[in-house]
Amino acid sequence: MGRAVRDHGMSSVGVLILFAIVGAVICAKCRVPMGAVVFSLVALVLFVATPAGQGLPDAVASFLSTVDESTTPALNGEAPAGSGAVG
């Protein structure tokens, strides 16, 4: 009985995410950018609240950390470690 209630709750979140995506598409087609942004943010927040999306913030943080580590030497004008470049 408890599982049926939990599954129903998850499907309603899925429906809300779908409506948010549809709202974003409608706003984009009508050239209302702020409406599209708001609907997209609502869909993102609802997705992160689901079990499938709970790993998204960690994945984004890991990706940004990797990008930061790789671009910092280039932005500081340093040669990459072990490149043998003279500078």
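This section describes an annotated segment, two cysteines and one loop threonine in a predicted model.

The UniProt record, an unreviewed entry, places a transmembrane region at residues 37-56. In the model, this stretch is 65% helix and 0% strand. The C-alpha atoms at the two ends of the stretch lie 19 Å apart.

Thr50 falls within the annotated range of residues 37-56. Thr50 sits in a loop. Helix H2 (33-48) lies on one side of that loop, and helix H3 (56-76) on the other. The threonine is buried, with a relative accessible area of 8%. A polar atom of the Thr50 side chain is 2.6 Å from the backbone oxygen of Phe47. Thr50 also has a neighbour from elsewhere in the sequence, Val13. The two residues are 37 positions apart along the chain, yet their C-alpha atoms are separated by 7.8 Å.

The cysteines were examined next. The count of disulfides is zero. Cys27 takes part in none, and the nearest cysteine sulfur, that of Cys30, is 6.9 Å away. A disulfide requires two cysteine sulfur atoms within 2.5 Å. The sulfur of Cys30 is therefore too far from that of Cys27 for a bond, at 6.9 Å. The surroundings of the two residues also differ in accessibility. Cys27 is buried, with a relative accessible area of 13%, whereas Cys30 is exposed, with a value of 53%.

Key. Residues are numbered from 1 along each chain as its sequence is written. This is a predicted model: local features need pLDDT of at least 70, side-chain atom pairs count only at pLDDT 80 or more; totals for chains, interfaces and linings use all residues. Side-chain values use heavy atoms; hydrogens and water are left out. UniProt positions are given in the numbering used here, feature names are shortened, and annotations may be inferred rather than shown by experiment. Helices (H or I, at least four residues) and strands (E, at least two) are DSSP runs, numbered from the N terminus. Buried means under 20% relative accessible area, exposed over 50%, partly exposed in between (1.4 Å probe, protein chains only). A polar contact is a pair of N or O atoms within 3.5 Å; within protein, one must be able to donate a hydrogen and the other to accept it, and residues adjacent in sequence count only if both atoms are side-chain atoms.
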